[in-house]
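Me: I am new to this structure and would be grateful for a close look at one part of it, followed by an account of how the rest is arranged around it. Please take the chain and its ligand as they are shown here.

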Amino acid sequence: MFKTILVAVDGQRPLAAPLAELAQSEDLSRSEIFRRILSSALALAEVSSDLEVECLVCDGDPGDEILAQAEHLGADLIVIGSRGLGAYAELLLGSVSRKVLHLAKVPVMVVRG
Ligand SMILES: Nc1ncnc2c1ncn2[C@@H]1O[C@H](COP(=O)(O)OP(=O)(O)O)[C@@H](O)[C@H]1O
Ligand SMILES: [Mg+2]
């Protein structure tokens, strides 16, 4: 059966204001905040219940960590967005997706949001 692993990498950048407020008001650690982000993504995706999905939060450089986890987990495919929330909207690919696309040892599917 297909198994999907949702990965969020905490690159130790300052949290966006609404997340910082949530962390403070509910006394949540950064990894709990990242776990919430993945849970929300999963809820929004309305994934069918016969698909096995796991959430994984880790620390480090996002591109390096996505590549390392894909290798460690033996992923057959990496699915990544073309852009994130970074600046330079005119570029087709963000720095994380570019790094993953160039260095991954397995196929990469880039999803344009
Ligand atoms: N910290 C992260 N954790 C997990 N995935 C990430 C992270 N940062 C970026 N990505 C993935 O890389 C894609 C492209 O983002 P990125 O390269 O950071 O573009 P931008 O430069 O626009 O922020 C995102 O849609 C997401 O799939
Ligand atoms: Mg980014």
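Does E46 count as buried or exposed, and how many C-beta neighbours does it have inside 10 Å?

Reply: The model is a predicted one, and what follows should be read in that light. E46 counts as exposed, because it has 6 C-beta neighbours inside 10 Å, and a residue is classed as exposed when 12 or fewer other C-beta atoms lie within that distance. E46 belongs to the loop between helix 2 and strand 2. Its backbone deserves attention as well: E46 is not a glycine, yet its phi is positive, at about 50 degrees. Most residues other than glycine have a negative phi.

The loop that holds E46 also contains D50. With 7 C-beta neighbours inside 10 Å, D50 counts as exposed too. The C-alpha atoms of D50 and K3 lie 9.9 Å apart, although 47 residues separate the two in sequence. Beyond this loop comes strand 2, which spans residues 52-59 and includes E54. E54 likewise counts as exposed, since it has 12 C-beta neighbours inside 10 Å. From the C-alpha atom of E54 to that of L42, a residue 12 places away along the chain, the separation is 9.7 Å.

Another loop residue may be set beside E46. D27 lies in the loop between helix 1 and helix 2, just after helix 1. Its phi is near 55 degrees, a positive value in a residue other than glycine. D27 is exposed, with 8 other C-beta atoms within 10 Å. Helix 1 itself, residues 17-25, lies largely in the open, because the number of buried residues among its nine is zero.

From these exposed parts one may turn to the interior. The largest nonpolar core has 12 residues in all: V7, A8, V9, F34, I66, L67, A70, A75, I78, I80, V96 and V100. At least two of its residues come from each of strand 1, helix 3 (62-73), strand 3 and helix 4. The core lies between domain 1 (1-60) and domain 2 (76-113), because both domains give residues to it. In soluble globular proteins, nonpolar side chains tend to be buried together. Within this core, I66 may serve as an example: leaving aside residues up to four places away in sequence, I66 touches V7, V9, I78 and V100. The two domains come from the domain assignment of the protein chain, and their C-alpha centres lie 19 Å apart.

Helix 4 shows how an element can have a buried side and an exposed one. V96, S97 and V100 are its buried residues named here. They lie on the same side of helix 4, because the arc they cover around the axis is only 95 degrees. H102 and L103, on the other side of helix 4, are exposed. The cover over the buried residues of helix 4 includes helix 3, strand 3 and strand 4 (108-111).

Strand 4 holds V108, which is partly exposed because 18 other C-beta atoms lie within 10 Å of its own. Not counting residues up to four places away in sequence, V108 touches I78, I80, V100 and L101. One of these contacts can be followed along the chain: V108 and I80 are 28 residues apart, while their C-alpha atoms are separated by 7.3 Å.

The ligand completes the picture. Around ligand 1 there are 15 residues, of which G81, G84, G86, G94 and V96 are the closest. Strand 1 (3-10), strand 3 (78-81) and helix 4 (95-103) are the elements that each give two or more residues to this shell. By class, the shell comprises seven nonpolar, seven polar and one charged residues. Ligand 1 lies between domain 1 (1-60) and domain 2 (76-113), because both contribute residues to the shell around it. V96 therefore appears in three places in this account: among the closest residues to ligand 1, in the largest nonpolar core, and among the buried residues of helix 4.

To return to the part first asked about, E46 is an exposed residue in the loop between helix 2 and strand 2, with a positive phi of about 50 degrees.

Terms used. Residues are numbered from 1 along each chain as its sequence is written. Chains are lettered from A and ligands numbered from 1 in the order in which they are written. This is a predicted model: local features need pLDDT of at least 70, side-chain atom pairs count only at pLDDT 80 or more; totals for chains, interfaces and linings use all residues. A residue is near a molecule or strand if its C-beta atom, placed from the backbone, lies within 6 Å of it. Helices (H or I, at least four residues) and strands (E, at least two) are DSSP runs, numbered from the N terminus. Ala, Val, Leu, Ile, Met, Phe, Trp, Tyr, Cys and Pro count as nonpolar, Asp, Glu, Lys and Arg as charged, and the others, Gly among them, as polar. Domain bounds come from an automatic or database domain assignment. A nonpolar core is a set of buried Ala, Val, Leu, Ile, Met, Phe, Trp, Tyr and Cys residues joined through C-beta atoms within 7 Å. A residue is buried if 20 or more other C-beta atoms lie within 10 Å of its own, exposed if 12 or fewer, and partly exposed in between; C-beta atoms are placed from the backbone. Two residues are in contact if their C-beta atoms, placed from the backbone, lie within 7 Å. The arc is that of the directions from the helix axis to the C-beta atoms.
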